[in-house]
Amino acid sequence: MALGYDLVAISVIFSWHAPIAREIALRVKDNAEVWCGGPGMFTLGNWWKRETGLDVMHGLDHRFEHQRGDYLMTFASRGCPVGCNFCVVPKLEGTSFTLDWDFQPAPILCDNNLSALPVKFQEHIIRRYQETGVPLRDANSGFEPKSFDESTYRRWKKVLRGPWRFALDEQREVGDVRRMMAILAGEPRRRKRVYVLVGNESVESCYERVLSVLAWGGEPYAQYVLPLNWLGDEATLHHRYDWNSQWREDFARYVNRFTWRYAPVGEYQPRTEGSRAERQPFAGSLLDTPEWEARWQAAMKSHQAFSHVSEGEKR
């Protein structure tokens, strides 16, 4: 029963929420028109048709893309030229930028790659925030280290009130991220939030990237790489390298709950019951060695040398 509605519109952000969308669609489709789209559905068109008998909206829905209003979030541009294979943006929005010169500022700016935008358009975005008085509290997809330089920092520092967000997805990006961290050295630790993709390289390589972020005065946020069409069934998830389902869950918890402040990952104990492997999932692993403990200690010593507050907050 659709509770009297003529239309039910479903936007799916992550593919593993698609089964919930299916339940809703099957419950209401006999009594209401159903629209379904969003980034989580981009690779699931055939599955959706088979499960519901309905078509999915692929890509951006231009009926809503430029709908102006007083929203919490906004886009000034779409697309990203980098083309990461684990990211849906190039497929959903394209590998070239589409610029919305008439965008309406909102507290959260969702553009995929601010530092790679044409400088003229970056300045236009900043000017729009200044003219409207809307506070830019977060640029939640952030900046690309490869295209970030001193001028990018000076430009955005005028309006960005939230953290500087960027990513260290692979070992080959270490040089660019280290350079960006040097530019941001004067920012407090908590304002340098670095997404660290995990599961795409060995556990050791991923932990090394986490420790690098800490050593350079930032705060990492671990995100496990998942297939763009994954429906949420752990049994169907094929892990690469030495990863497994337990490590996927516990490594992210160790990083994202800031447990790195207190212990190296080899000593992490997320549970008080069960077998030793369940209580301490990384004990006895390749990460539980004197060498890795020493590297964690060195990273934390370097991390603590960076200020937790800005100079303005100190005063």
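In this predicted model, three strands are arranged as an open sheet in the order S3-S6-S7, and their pairing is parallel. The edges of this sheet are occupied by strand S3 (73-74) and strand S7 (138-139), each of which has a single partner strand, so that one side of each is left without a neighbour in the sheet. Strand S6, which covers residues 108-109, is joined to S7 in the parallel sense over 2 bridges, and within this pairing Ile108 has Asp138 in S7 as its bridge partner. In general, the strands of a sheet pair through backbone hydrogen bonds, and this pairing may be either parallel or antiparallel.

Another open sheet, also described by parallel pairing, is built from 3 strands in the order S8-S9-S10. Here the edge strands are S8 (164-167) and S10 (219-224), each of which pairs on one side only, and the twist from one strand to the next averages 25 degrees. Strand S8 and strand S9, the latter made up of residues 192-198, pair in the parallel sense over 4 bridges, with Phe166 standing opposite Val194 in S9.

Helix H7 lies across strands S9 and S10 of this sheet, and runs at about 175 degrees to S9. Helix H7 (residues 203-215) also packs with helix H10 (residues 290-304), their axes coming within 7 Å and crossing at roughly 25 degrees. Because angles under 35 degrees count as roughly parallel, H7 is described as roughly parallel to H10. Two packed helices are generally described in this way, by the angle between their axes and the distance between the axes. On the H7 side, the contact is made by Glu204, Tyr207, Glu208, Leu211, Leu214 and Ala215, which meet Trp292, Arg295, Trp296, Ala299, Met300, Ser302 and His303 in H10. The residues of this contact between H7 and H10 divide into 8 nonpolar, 2 polar and 3 charged.

Empty space in the model was also examined. Rolling a probe the size of a water molecule over the atoms shows where such space is left. The second largest pocket holds about 210 Å³ of space and is lined by 13 residues, among which Gly199, Asn200, Val225, Leu226 and Arg240 lie nearest its centre. When the residues of the lining of this second largest pocket are grouped by character, 6 are nonpolar, 5 are polar and 2 are charged.

Notes: Residues are numbered from 1 along each chain as its sequence is written. This is a predicted model: local features need pLDDT of at least 70, side-chain atom pairs count only at pLDDT 80 or more; totals for chains, interfaces and linings use all residues. Side-chain values use heavy atoms; hydrogens and water are left out. Axes are lines fitted to C-alpha atoms, for helices over the stretch in contact, and angles run from 0 to 180 degrees between N-to-C directions. Angles under 35 degrees count as roughly parallel, over 145 as roughly antiparallel, 65 to 115 as roughly perpendicular and the rest as oblique. Contact means heavy atoms within 4.5 Å. Ala, Val, Leu, Ile, Met, Phe, Trp, Tyr, Cys and Pro count as nonpolar, Asp, Glu, Lys and Arg as charged, and the others, Gly among them, as polar. On a 1 Å grid over the protein atoms alone, a cavity is a set of points where a 1.4 Å probe fits but cannot get out, and a pocket is an open set with protein on both sides within 12 Å along at least five of seven lines; lining residues have an atom within 4 Å of a point. Grid points are joined across faces, edges and corners, and a volume is the space filled by probe spheres set on the points. Two strands pair if DSSP finds at least two bridges between them.
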